[in-house]
Amino acid sequence: MTQIVTGTPEQLEALTAIEEISFSDPWSAQALAGAMADPDCCFLTALEDGAAVGYCIVHSLYEQADLYSVAVHPDHRRRGIAGALLDRGFAWAKQAGAERVFLEVRAGNGEARRLYEQMGFVPIALRKKYYTAPVEDAVIMEKTL
């Protein structure tokens with residue numbers, strides 16, 4: 001059974017490994033730790049049998065929230081873990097006063113875009129050449145809470 005808990009520094013090594021497996025331009029352990037310590041961020045970790053298998057970072061300030069990152073280890077994908085993380089992160093943002101959540105996603109990342117659409121996001125703009133390694137456009141998406 002998956003548990004969703006507040007991220008802790010003890011999980012950073014596992015979370016950094018998930019980040020490196022999941023993204024071509026991953027956040028460093030230091031950047032993840034910074035988000036974990038930020039009082040305007042909700043940093044959630046998914047645990048299975050006590051081991052970190054995914055995480056989600058949502059930043060909220062006033063009426064707007066941003067999904068900074070969500071990732072699940074490839075061995076644990078397609079089991080609803082990302083959706084559970086996002087649901088908890090968005091509930092936190094709403095409680096913090098956010099009315100909308102924004103995110104950027106690689107235009108070519110159909111799997112992530114489908115997940116976000118299932119979670120209620122709609123595309124609102126395109127940001128040309130936003131991503132590097134490789135260079136790719138970003139689709140900006142929005143969800144009303």
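The legends below describe close-up views of a predicted model.

**View 1. The largest nonpolar core of the predicted model holds 27 residues.** Six of its members touch the most other members: Leu67, Val70, Leu85, Leu86, Tyr116 and Phe121. Strands S2 (41–48), S3 (51–61), S4 (64–72), S5 (100–106) and S7 (136–144) each give two or more residues to this core. Helices H3 (81–95) and H4 (110–118) do so too. H3 provides the largest share, 6 residues. Another core lies apart from this one and has 13 residues. Leu32, Cys41, Ile57 and Ala71 are among them. In soluble globular proteins, nonpolar side chains tend to be buried together.

**View 2. Tyr116 and its contacts beyond four places in sequence.** Tyr116 is one of the residues that touch the most other members of the 27-residue core. With neighbours within four places set aside, Tyr116 is in contact with Leu67, Val70 and Leu86. Its partners also include Leu103, Val105, Phe121 and Met141. Leu67, Val70, Leu86 and Phe121 are likewise named among the core residues touching the most other members.

**View 3. Leu47, a buried residue in strand S2.** Leu47 has a relative accessibility of 12%. The cut-off for buried is under 20%, so Leu47 counts as buried. Leaving aside neighbours within four places, Leu47 is in contact with Met1, Thr2, Gln3, Val5 and Gln11. Ala52 is also in contact with Leu47. Gly7 is 40 residues away from Leu47 along the chain. The C-alpha atoms of this pair are 9.9 Å apart.

**View 4. Helix H1 (residues 12–22) and its buried face.** The buried residues here are Leu12, Leu15, Thr16, Ile18 and Glu19. Down the helix axis they fall within an arc of 160°, so they line one face of H1. Glu13 and Glu20 are exposed, on the face turned away from the buried side. Cover for the buried residues of H1 includes helix H2 (29–37) and strands S2, S3 and S4.

**View 5. His76, in the loop between S4 and H3.** This histidine has 19% relative accessibility, under the 20% cut-off, and so counts as buried. The side chain of His76 makes a polar contact with the side chain of Glu48, at 3.0 Å. A second polar contact, of 3.1 Å, joins the side chains of His76 and Arg79. With neighbours within four places in sequence left aside, His76 is in contact with Glu48, Val53 and Ile81. Glu48 thus appears both as a polar partner and in this contact list.

Conventions
Residues numbered from 1 in each chain as written. Predicted model: local features only at pLDDT ≥ 70, side-chain atom pairs only at ≥ 80, totals over all residues. Heavy atoms only, no water. Core = buried A, V, L, I, M, F, W, Y, C linked by side-chain atoms within 4.5 Å. Buried < 20%, exposed > 50% of the residue type's maximum accessible area, 1.4 Å probe, protein only. Helix = DSSP H or I, 4+ residues; strand = E, 2+ residues; numbered from the N terminus. Contact = heavy atoms within 4.5 Å. Arc of directions from axis to C-beta. Polar contact = N/O pair within 3.5 Å; in protein donor to acceptor, adjacent residues only side chain to side chain.
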